[in-house]
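Me: Got a chain open here and want a quick walk through it. Can we start with the strands?

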Amino acid sequence: MEDPTVVAACVAGGVVAATGCYMAYQKSAGVTRDASGGTGAAFEGQLAAGVNMLSNGDSVLAREKVENSMDEYAALFEGQTGKHSANGLTDEKGAVTSAESIKKRQEGYRTMVNNFYDLVTDFYEYGWCQSFHFAPRWQGETFLESIKRAEYHLCSRLGMKPGVKALDVGCGVGGPMRNMAIFSGASIEGITINEYQVKVGNKYHAQQGVADIAHTTRGDFQNLPGFTNGELWEGIDYGDMDWTGKFDVAYEIEATCHSPDKTRCFSEVARCLKPGGLFAGYEWVVLPDRGYDGANPTHVAIKEGIEIGNGLPTLATPEKVVAALEAAGFEVLEHYDANRNVHSPVEIPWYDTLNGKFTLSGFRMTNLGRNCTHAMVTALETLRIAPKGTTHVSAMLNATALDLVEGGKQELFTPSYFFVARKK
Ligand SMILES: C[S@@+](CC[C@H](N)C(=O)[O-])C[C@H]1O[C@@H](n2cnc3c(N)ncnc32)[C@H](O)[C@@H]1O
């Protein structure tokens, strides 16, 4: 049940009201930072939660570097971060889609992705859950049930069970890995380029008692351990690790959308699989078949808004994803948009959580919840509790949420283009 006084306080807005509302809301809802099976112990009280999120002891990014890091990131997106494109706030529609702009992000992908996840990982965990992805959702299903069902779908399609060795390509803080390891009993090795995610991911594996079957390594999925043609990035050290032919199966969940060259990335995955090994995933793509038109400025603005707020070089089409899989040596067995029935009466659209009605369980994800978070973050930055630059990060995430909703409503975009492929 919603508490109308809490809602009223939130709507009244203002920094003090917002933070106060958070505390009251927290008290009434019993909300903790207990995501997809998280520890739940860390976050007590909404304001305390915000302070905790913004002064995290595990953080690898020094406080004074946040603003710099955000500026470095924004420069890769023509200074458009924090502006919602679809309501006309961006001034240069199409600038992010120019060949020169895309090339800049492809060449700087490691800095782009690493900075992005240094800045947003805590926001994601705080506002979403430990699984950083969307999912098709049926009526009657809770948000977290739908998230886990998307993950278990991969387990079933890949035949994951005890004894199977799986590779999680771009694993985040490991929410999916832990759920999938517990569900299937398979052993999962995850890789992420972001040091902070490795640190907290391995901590969560241990806390949740799955460290024997779930482990996270820091690395670049463009150059997996044992690569021969390329170079390692700062801070990554594979030692004498070589993953060639090591895994029975591999999967990626909304991660290879960050790749500057999907053929290269998928080729590296293929190298690390045994012959005949399966690779499945959910890709972010624009949907020309459903009406996305690269000559339509509104469509381009929505696409760019999604790229700007999510650290993407550029969004691909399904055709390009399939072509990259084939070029990397896979036989594509199946591919379709898992959200193809997004507006069927039996489904809850994947973007609805962001659009959201006010529900206690999903409050932080909704528009109102995000505005409260933004007010809180602004207050905390003004009070110098949160590092300088944090408000910019929050504004960027708010803006892109609106673009994601717009892309979903108009069926121009899906975050769940599902594929299963076999290494030839
Ligand atoms: C949207 S998150 C998804 C994380 C995870 N699959 C999940 O669903 O929770 C994307 C992930 O891809 C990782 N990633 C992006 N580019 C990468 C790269 N070049 N090498 C390794 N990881 C990368 C990011 O660090 C992040 O963990």
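Me: Why is strand β9 largely enclosed by the rest of the structure?
Reply: This is a predicted model, to start with. Strand β9 covers residues 413–423, and 10 of its 11 residues are buried, so it is largely enclosed.

Me: Which way does β6 pair with β9, and over how many bridges?
Reply: Antiparallel, over 8 bridges. Strand β6 spans residues 273–286. Gly281 has Phe419 of β9 as its bridge partner.

Me: And how many bridges between β7 and β9?
Reply: 7, also in the antiparallel sense. β7 is residues 330–337. There, Phe330 bridges to Lys423 in β9.

Me: Switching to the core. Which residues touch the most other members of the largest nonpolar core?
Reply: Leu158, Ala166, Ala250, Tyr251, Val269 and Phe279, out of 108 residues in that core. Helix α6 gives the most to this core, with 9 residues.

Me: What is Tyr251 in contact with, beyond its neighbours within four places in sequence?
Reply: Eight residues would be a long read, so here are some: the contacts include Leu158, Ala166 and Phe279, plus Gly281. Leu158, Ala166 and Phe279 are also among the core residues that touch the most other members. Gly281 is the one bridged to Phe419.

Me: Now the ligand. How many residues surround the ligand, and which are the closest?
Reply: 22 residues, with Phe132, Gly170, Gly172, Ala255 and His258 the closest. By class, the shell has 10 nonpolar, 10 polar and 2 charged residues.

Me: Which elements each supply at least two residues of that shell?
Reply: α6 (109–127), α8 (175–184) and β3 (187–192). So α6 turns up again: α6 also gives the most to the core.

Key
Residues are numbered from 1 along each chain as its sequence is written. This is a predicted model: local features need pLDDT of at least 70, side-chain atom pairs count only at pLDDT 80 or more; totals for chains, interfaces and linings use all residues. A residue is near a molecule or strand if its C-beta atom, placed from the backbone, lies within 6 Å of it. Helices (H or I, at least four residues) and strands (E, at least two) are DSSP runs, numbered from the N terminus. Ala, Val, Leu, Ile, Met, Phe, Trp, Tyr, Cys and Pro count as nonpolar, Asp, Glu, Lys and Arg as charged, and the others, Gly among them, as polar. A nonpolar core is a set of buried Ala, Val, Leu, Ile, Met, Phe, Trp, Tyr and Cys residues joined through C-beta atoms within 7 Å. A residue is buried if 20 or more other C-beta atoms lie within 10 Å of its own, exposed if 12 or fewer, and partly exposed in between; C-beta atoms are placed from the backbone. Two residues are in contact if their C-beta atoms, placed from the backbone, lie within 7 Å. Two strands pair if DSSP finds at least two bridges between them.
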